[in-house]
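Here is an informal walk through one model, from its domains to its helix packing, its DNA and its chain-to-chain contact. Have the structure open and follow along.

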2 protein chains.
Amino acid sequence: MSNGRAPSIRDVARLAGVSHQTVSRVLNNHPSIRDSTKARVLEVIEELQYRPNRAARALSRGRSRTIGVLSASSAEYGPASSIAAIQDAARNAGYFVNTANLDRRDPSSITAAVNHLMSQSVEGIVVIAPQVRVFNALKLLSIDVPYVTLQSTGSLDTNALSVDQIAGARLATRHLIDLGHRDIYHLAGPQDWIEAEARMHGFLEEMGARDVPTTAPILGDWTAEFGYHAGRELLQVRDFTAIFSSNDQMALGLIHAIREAGLDVPRDVSIVGFDDIPEAAHFWPPLTTVRQDFSELGRRSVALLLSQINETTPDNPGSIIPELIVRGSTSRPAF
Amino acid sequence: MSNGRAPSIRDVARLAGVSHQTVSRVLNNHPSIRDSTKARVLEVIEELQYRPNRAARALSRGRSRTIGVLSASSAEYGPASSIAAIQDAARNAGYFVNTANLDRRDPSSITAAVNHLMSQSVEGIVVIAPQVRVFNALKLLSIDVPYVTLQSTGSLDTNALSVDQIAGARLATRHLIDLGHRDIYHLAGPQDWIEAEARMHGFLEEMGARDVPTTAPILGDWTAEFGYHAGRELLQVRDFTAIFSSNDQMALGLIHAIREAGLDVPRDVSIVGFDDIPEAAHFWPPLTTVRQDFSELGRRSVALLLSQINETTPDNPGSIIPELIVRGSTSRPAF
DNA sequence: TGCTCGAGTGTGAGCGGTCACAATTGTGCC
DNA sequence: GGCACAATTGTGACCGCTCACACTCGAGCA
């Protein structure tokens, strides 16, 4: 009993007067077990406060029932929401989740993080680190477990899943054009990020489709701080009436810079963001932006990954279409 | 070789012409191993792409080298930053991290989450769910592993670690009083949250110490949305010149409401927030707030937890003192 | 009655590591 | 050369579970 060790399947067996294998059968819901036996075993389990030892199970089964998450910048709203959803979805499916974060300054951390996950013998990996170099590293490492990525690499990956960033960016751009804007800048995310590139593409496509001339997008780093500085730079020129920012944080920085220069949003400049973080509705002015459902993305990624692990067909293919949320930061140009 | 199974310690041993135990010694950096032997083994390990099986190791050692994180609202900035830091710190210490999220609507999820962690045989738990009911549940469950909490329960917990919320709140309040404000409201967080309560206490203490009369704090839910509605309510009365909000998001909502009513921040109302989220510097006006170092908190919590697990003495006791960051949202009252 | 068959249960061998202990080899010194 | 002793390596059991297979027993049927 209180010999220091946690009770094992054999302790339960002894007390219930059955074999260890019978206990194992009860634990795994084996069909052919007499109800009375099952009840007795369950009783002892309860009495002993028995908990199956996961390591032992993983070892003998050869499956860890764990999936890994490879994530960059997991403190940001989008990734964090997705991770939370992934964890819930995985738990519901009986899987455990292990997260490894990438240090964005250290390229070798990709290998380290993957090794970390592999040494956990994860059965699959969800990648929320939508940077080209991460994908390249993943290919080189020739991982022997399936993995899905939360962002399409643009090529026709069967294991990619994403909010249709291009469609979202076109929605935002179309909105500005429809309002009458012609001189529109795009503040993009870092070059290296898949979704930054996708949004930039969407922007350029829509501008092209409507025959609006464009200037080269500015490459930012997602932070409000960058948006602010970019805004100050842009105001030196002031040959634009609207800016489409690749995320809400940079949009916030832009607005700050514009305000500070004594101008008004949206009267002088219209701003559209991307993501619809919960705060966006309370920016001043409330931000017009493109909403993407990070939680749904997380849930679907788990479904897709598990279907690959278990070699079943996934039930929800296709990408998620984001939605334009019009608020106060956009209006017709002054004239 | 390619018999489907991953190579084991014995495969390595065979190829290197040594015993499995020698391989094990190499893996664990045992001191008395001849350099030449070690080199040979490492060579084979490399050749075979051998990775130790964690489940087997955990089983035979009886230790999982895993710590659990119990977290509520892990998508928010503060918790998410701490979690990221915890993961890094744990990884550096050779530990794995497993996160379980609480569903805030379902009280029974506490038990479920703890069971989830325990079934992983975690060696310790970091609790980032600073709600009274979580602590109560934890006590009832009589967990047999050490755990630390990222927020002090107010009582003298040896296993609590925290930013000194009271000191932070006093800093914020003092700042407002020093500016000349006397009619100051406090928009608090949810009653149930330890840190909300601590900040409220700090506010009341400082007000008391300076003989400034106070009104009852308003209990919010941390969201910008709530701050906005609270702001609209408050403006019906308008018998205040400053508001101390228990976090930055609610402060943002307040500002929104105040602006919408045609008033100015800080001219008509000064606002102080709490947390210093990265966006706070770019609110309009930039938010005066109290900065707390979530990453440091995460790192220290791991250090504390590991010291409990390994029964060593922790090296960095005491709480972290937050810092007041003065920006544009506060000024002397109109008169 | 004797046989087959399947439901229910038991037996023993792994899974891939670590641990305790035994065995072997090497070194210094008389 | 022979011995004590340390350095290095090997042997077998065991961690807690699942797997493959064997066994028992009663029902159904010729």
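Let's start with how chain A is carved up. Its domain assignment gives domain 1 (9–52), domain 2 (62–161 + 295–309) and domain 3 (165–293), with the bounds coming from an automatic or database domain assignment. The C-alpha centres of domain 1 of chain A and domain 2 of chain A are 36 Å apart.

A quick word on what you're looking at: this is a predicted model, where local features need pLDDT of at least 70 and side-chain atom pairs count only at pLDDT 80 or more, while totals for chains, interfaces and linings use all residues. Residues are numbered from 1 along each chain as its sequence is written, and chains are lettered from A and ligands numbered from 1 in the order in which they are written.

Now for the helices. Two packed helices are described by the angle between their axes and the distance between the axes. Here the axes are lines fitted to C-alpha atoms, for helices over the stretch in contact, and angles run from 0 to 180 degrees between N-to-C directions. Helices (H or I, at least four residues) and strands (E, at least two) are DSSP runs, numbered from the N terminus.

| Helix pair | Angle | Axis distance |
|---|---|---|
| α1 (9–16) and α3 (35–48) of chain A | about 120° | 9 Å |
| α10 (224–237) and α11 (248–260) of chain A | about 40° | 6 Å |

The angle makes α1(A) oblique to α3(A); angles under 35 degrees count as roughly parallel, over 145 as roughly antiparallel, 65 to 115 as roughly perpendicular and the rest as oblique. The crossing of α1(A) and α3(A) is right-handed, meaning the near helix is turned clockwise from the far one by less than a right angle. On the α1(A) side, A:Asp11, A:Val12, A:Leu15 and A:Ala16 make the contact, two residues being in contact if their C-beta atoms, placed from the backbone, lie within 7 Å. Seven nonpolar, no polar and two charged residues make up the contact of α1(A) with α3(A). For these classes, Ala, Val, Leu, Ile, Met, Phe, Trp, Tyr, Cys and Pro count as nonpolar, Asp, Glu, Lys and Arg as charged, and the others, Gly among them, as polar.

As for α10(A) and α11(A), these helices are oblique to each other too, and their crossing is right-handed. Residues making the contact include A:Phe226 and A:Tyr228 of α10(A) and A:Met250 and A:His256 of α11(A).

On to the DNA. Which residues come nearest to DNA strand D? Of the 27 around the strand, they are A:Ile9, A:Ser24, A:Ser60, B:Ser19 and B:Ser32; a residue is near a strand if its C-beta atom, placed from the backbone, lies within 6 Å of it. The largest share of that surface, five residues, comes from α4(A).

For DNA strand C, A:Ser19, A:Ser32, B:Ile9, B:Ser24 and B:Ser60 come nearest of the 27 residues around the strand. There, α4(B) supplies the largest share of the surface, five residues. The surface near DNA strand C divides into nine nonpolar, 14 polar and four charged residues.

Finally, the two protein chains: their contact takes 42 residues from chain B and 42 residues from chain A. On the side of chain B that touches chain A, α5(B) gives the largest share, seven residues. That side has 19 nonpolar, 17 polar and six charged residues.
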